[in-house]
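Biologist: I would like to learn how to read a structural model feature by feature, beginning with charged pairs and ending with the packing of the interior. Could you take me through one?

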Amino acid sequence: MTAHDAEADGYEPHDYDALYRDTADSGGPPWDIGGPQPALAKVLDRGVKGPKVLDIGCGPGDLAIALARRGYQVTGVDISRVAIDMARAKAAGEGLTVHFEVQDATELSLPSAPFDSVFDSGLLHSLHRRGGGAVEAYLALLPGLAAPGATVFVLAVSLAAGHGWGVTEELLRAGFAEPQWVDTDIEEIDVAAETGGRELSLPGFLLRTVRASDT
């Protein structure tokens with residue numbers, strides 16, 4: 001099942017509880033690949049500022065858990081209670097402490113903010129599908145979640161993937177512009193997905209930026 005197939009089968013773009021439940025016996029939704037996205041896995045051992053790290057849209061927790069294994073104090077949030085329950089069970093099974101919360105990324109309230117690193121692995125393009133000003137509301141919250149000097153990583157599927165949704169480099173640069181964000185770099189990458197036992201690769205972007213220091 002691709003994201004487009006999910007909509008064709010009657011799922012709303014934000015009905016993630018149903019998606020996780022209905023695909024639990026078949027490997028999970030397409031974006032659940034059993035580990036961090038390859039493009040993000042490459043940065044986990046370098047470039048992650050700590051100790052406090054936030055994973056927004058953490059799903060079943062693979063990226064958050066990979067960060068916790070490296071000793072970071074990790075908070076993971078997702079709109080799906082089903083996914084958060086999966087993430088908590090995985091972390092407990094490894095004896096890891098990760099703070100998971102069920103929250104809507106467009107209305108985040110995290111007393112532990114700000115964070116030293118923030119990860120968004122596939123959330124931004126999902127909000128683009130959701131519409132209704134979700135992207136704008138989310139981007140407006142991010143500066144308050146990132147400490148001055150914090151690094152933010154955003155991995156997103158490109159509109160060029162041809163599914164009728166996705167992000168462009170222009171959208172990313174507009175959303176992470178100066179003066180709030182500096183040293184922004186955007187790399188073209190492959191985004192991994194799995195469906196029906198098949199591995200897929202979609203064109204995407206990995207953005208890295210730094211929250212500007214307060215003046």
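Modeller: What follows goes through salt bridges, then the sheet, then the nonpolar cores. Please keep in mind throughout that this is a predicted model.

Biologist: How many salt bridges does a search of the whole structure find?

Modeller: The general idea is that side chains of opposite charge can pair when their charged atoms come close. Here, a search over the whole structure finds seven salt bridges. One of them joins the side chains of Arg69 and Glu94, with N to O at 2.8 Å. Arg69 belongs to helix α4 (residues 62-69), whereas Glu94 sits in the loop between α5 (81-93) and β3 (99-102), so this pair ties together parts that are 25 residues apart in sequence. Glu94 itself is partly exposed, its relative accessible area being 41%.

Biologist: Which residue forms a salt bridge with Arg88, and how far apart are the closest N and O atoms?

Modeller: The partner of Arg88 is Asp85, and the closest N and O atoms are 4.0 Å apart. These two residues are three apart in helix α5, which separates them by about one helical turn. Arg88 is partly exposed at 37% relative accessibility, and Asp85 is partly exposed at 42%. In helix α8 (residues 169-175) you can find Arg173 and Glu169, four residues apart and again separated by about one helical turn; they form a salt bridge whose closest N and O atoms are 3.0 Å apart. Arg173 counts as partly exposed at 39% relative accessibility, as does Glu169 at 28%.

Biologist: Turning to the sheet, what is the order of its strands, and which are the edge strands?

Modeller: To read a sheet, one follows the strands from neighbour to neighbour until a strand has a partner on one side only. In this model the sheet is open and has seven strands in the order β3-β2-β1-β4-β5-β7-β6, with mixed pairing. Its edge strands are β3 and β6 (181-195), each of which pairs on one side only, and the twist from one strand to the next averages 15°. At the β3 edge, strand β2 (residues 73-78) runs parallel to β3 and is joined to it by four bridges, and Thr75 has His99 of β3 as its bridge partner. Helix α5 lies across both β2 and β3, running at about 170° to β3.

Biologist: How many residues does the largest nonpolar core have, and which of them have the most contacts inside it?

Modeller: As a general idea, in soluble globular proteins nonpolar side chains tend to be buried together. The largest nonpolar core here has 30 residues, and those with the most contacts inside it are Ile56, Val118, Leu124, Tyr138, Leu142, Leu172 and Phe176. Among the elements that each supply at least two residues of this core are β1 (52-56), β4 (115-121), α6 (123-130) and α7 (134-145). If neighbours within four places in sequence are left aside, Leu142 is in contact with Ile56, Val118, Phe176 and Trp181. Another core, of 29 residues, lies apart from the largest one, and its members include Val48, Val53, Ala64 and Leu202.

Biologist: Is Val182 buried or partly exposed, and where is its place?

Modeller: Val182 lies in strand β6 and counts as partly exposed, at 25% relative accessibility. Leaving aside neighbours within four places in sequence, Val182 is in contact with Thr209, Val210 and Ala212. The C-alpha atoms of Val182 and Leu202, which are 20 residues apart along the chain, are separated by 27 Å.

Methods. Residues are numbered from 1 along each chain as its sequence is written. This is a predicted model: local features need pLDDT of at least 70, side-chain atom pairs count only at pLDDT 80 or more; totals for chains, interfaces and linings use all residues. Side-chain values use heavy atoms; hydrogens and water are left out. Buried means under 20% relative accessible area, exposed over 50%, partly exposed in between (1.4 Å probe, protein chains only). Two strands pair if DSSP finds at least two bridges between them. Axes are lines fitted to C-alpha atoms, for helices over the stretch in contact, and angles run from 0 to 180 degrees between N-to-C directions. Contact means heavy atoms within 4.5 Å. A nonpolar core is a set of buried Ala, Val, Leu, Ile, Met, Phe, Trp, Tyr and Cys residues joined through side-chain atoms within 4.5 Å.
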